[in-house]
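Here's a quick tour of a small set of features worth looking at on screen. Have the sequence and the structure open side by side as you read.

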Amino acid sequence: MQGRSPSVPATNTATSSEKCPTCGAAARSRDENKTFPFCSPKCKLADLERWLNGAYRVAGEPVTPPEDPT
Ligand SMILES: [Zn+2]
């Protein structure tokens, strides 16, 4: 029988695999990924925008005035 390849375990490169908070994809380690823990600058930006939108929304949310018992 030929082509009997030894069972090579899948290279476990992702030792410290983090999941991108935005899209859930595996993000590279901090060493080779400037946008850690995001998988890409795009996702980092998306998360930032979402955060900013939330902050703005909270800041700009009209406060419900208490009922005036007049
Ligand atoms: Zn992502």
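To talk about exposure, we need one yardstick: a residue is buried if 20 or more other C-beta atoms lie within 10 Å of its own, exposed if 12 or fewer, and partly exposed in between. Take Ala46, found in helix H1. Ala46 has 16 other C-beta atoms within 10 Å, so it comes out as partly exposed. Its C-alpha sits 9.7 Å from that of Cys23, although 23 residues separate Ala46 and Cys23 in sequence.

Now step back to the whole chain. This is a predicted model, with an average pLDDT of 81 and 73% of the residues scoring at least 70. Where pLDDT is low, the predicted coordinates shouldn't be read in detail. The protein chain holds one helix and two strands, and from the N terminus on they run β-β-α. Of its 70 residues, 10% count as buried. Looking at contacts with a separation of 6 or more, residues 24 or more positions apart account for 9%.

How do the elements with the lowest and the highest mean pLDDT score? Here they are:

| Element | Residues | Mean pLDDT |
|---|---|---|
| Helix H1 (lowest) | residues 41–60 | 85 |
| Strand E2 (highest) | residues 26–27 | 95 |

On to Glu18, which lies in strand E1 (residues 18–19). Is Glu18 buried or exposed? Neither quite fits: Glu18 is partly exposed, because its count is 16 other C-beta atoms within 10 Å. Setting aside neighbours within four places in sequence, Glu18 is in contact with Ala27, Phe36 and Pro37. For Glu18 and Pro37, 19 residues apart along the chain, the C-alpha atoms are separated by 6.4 Å.

Two of those contact partners, Phe36 and Pro37, deserve a second look. Which kind of peptide bond joins Phe36 and Pro37? The bond is cis, with omega at about 5°. For context, most peptide bonds are trans. As for where to find it on screen, Pro37 lies in the loop between E2 and H1.

How values were computed
Residues numbered from 1 in each chain as written. Predicted model: local features only at pLDDT ≥ 70, side-chain atom pairs only at ≥ 80, totals over all residues. Helix = DSSP H or I, 4+ residues; strand = E, 2+ residues; numbered from the N terminus. Contact = placed C-beta atoms within 7 Å. pLDDT = per-residue confidence, 0-100.
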